[in-house]
Amino acid sequence: MSERGGGLRERLHQLTREVAKFGAVGGAGLLVNLAVFNLLRHTTEIPVVRASILATVIAIAFNYLGFRYFTYRDRDKSGRTKELTLFLLFSVVGLVIENGILYAATYGFGWDSRLQSNVFKFLGIGIATMFRFWSYRTWVFRALPAREAVHTAESFLGQPRAAEPDRVGR
């Protein structure tokens, strides 16, 4: 039972670390997103949702670098084109969620003050973040199979691989 509990405890610890790293990158991306959004809102005549979309696109680029080289640096790197394509696809879905909420508040309900815009932008980011976390970890930055992860770690550390046990007759 302790082996099973230890495995569960290790998976929970890994998930906690992943959520913390995702949150650190996401938090920095949130600051980038809101800073660019408010800068555009205060210094230009760009409509609110267009300013939000531009800010979101800049934050997406920022977040990709953070996720690839910090949060998910230990994940499979063999298919960068596929990874980037999926990242952009899911990011666009997140962009639609995030800015759809702002659009509905602004044009559907007429809530267009600076405070209201920031509240609904923040709410949209929060809802889109739940979708992004699930999609990025499930489809974009996929975990390496356990055997390949061990081989990658051993080769990184310069240690020779131990001979695999003979599995005949098992």
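This is a short talk about how some helices pack in one structure and about a pocket they line.

Okay, hi everyone. Before anything else, keep in mind that what you see is a predicted model.

Let's start with α3 and α4. Their axes sit 8 Å apart, and the two helices pack at an angle of about 155°. Angles over 145 degrees count as roughly antiparallel, so α3 is roughly antiparallel to α4. The crossing of this pair is right-handed. What sorts of residues make the contact of α3 with α4? By class, there are 18 nonpolar, 6 polar and 4 charged ones.

Next pair: α2 and α3. Here the axes come within 10 Å and cross at roughly 150°. The crossing of α2 and α3 is right-handed. If you want to find the contact on screen, look on α2 for residues including V48, I53, I60 and F67. On the α3 side, try L84, F87, L95 and Y103, among others. Sorted by class, the contact of α2 with α3 has 14 nonpolar, 6 polar and 4 charged residues.

Now for the pocket. I picked the second largest one, which holds about 280 Å³ of space. Its lining has 20 residues, and G26, L30, N63, I125 and T129 are the ones nearest the centre. Helices α1, α2, α3 and α4 each give two or more residues to that lining. Which of them gives the most? That's α1, with 7 residues. And by class, the pocket lining splits into 8 nonpolar, 10 polar and 2 charged residues.

One residue to click on before we stop: N63 of α2 is part of the contact with α3, and N63 is also among the residues nearest the pocket's centre. Thanks!

Note on methods:
Residues numbered from 1 in each chain as written. Predicted model: local features only at pLDDT ≥ 70, side-chain atom pairs only at ≥ 80, totals over all residues. Heavy atoms only, no water. 1 Å grid on protein atoms, 1.4 Å probe; cavity = no way out; pocket = protein on both sides within 12 Å on 5 of 7 lines; lining within 4 Å. Points joined across faces, edges and corners; volume = space filled by probe spheres on them. Helix = DSSP H or I, 4+ residues; strand = E, 2+ residues; numbered from the N terminus. Nonpolar A, V, L, I, M, F, W, Y, C, P; charged D, E, K, R; others polar. Axes fitted to C-alpha atoms, helices over the stretch in contact; angles between N-to-C directions. Parallel < 35°, antiparallel > 145°, perpendicular 65-115°, else oblique. Left-handed = near helix turned anticlockwise from the far one by under 90°. Contact = heavy atoms within 4.5 Å.
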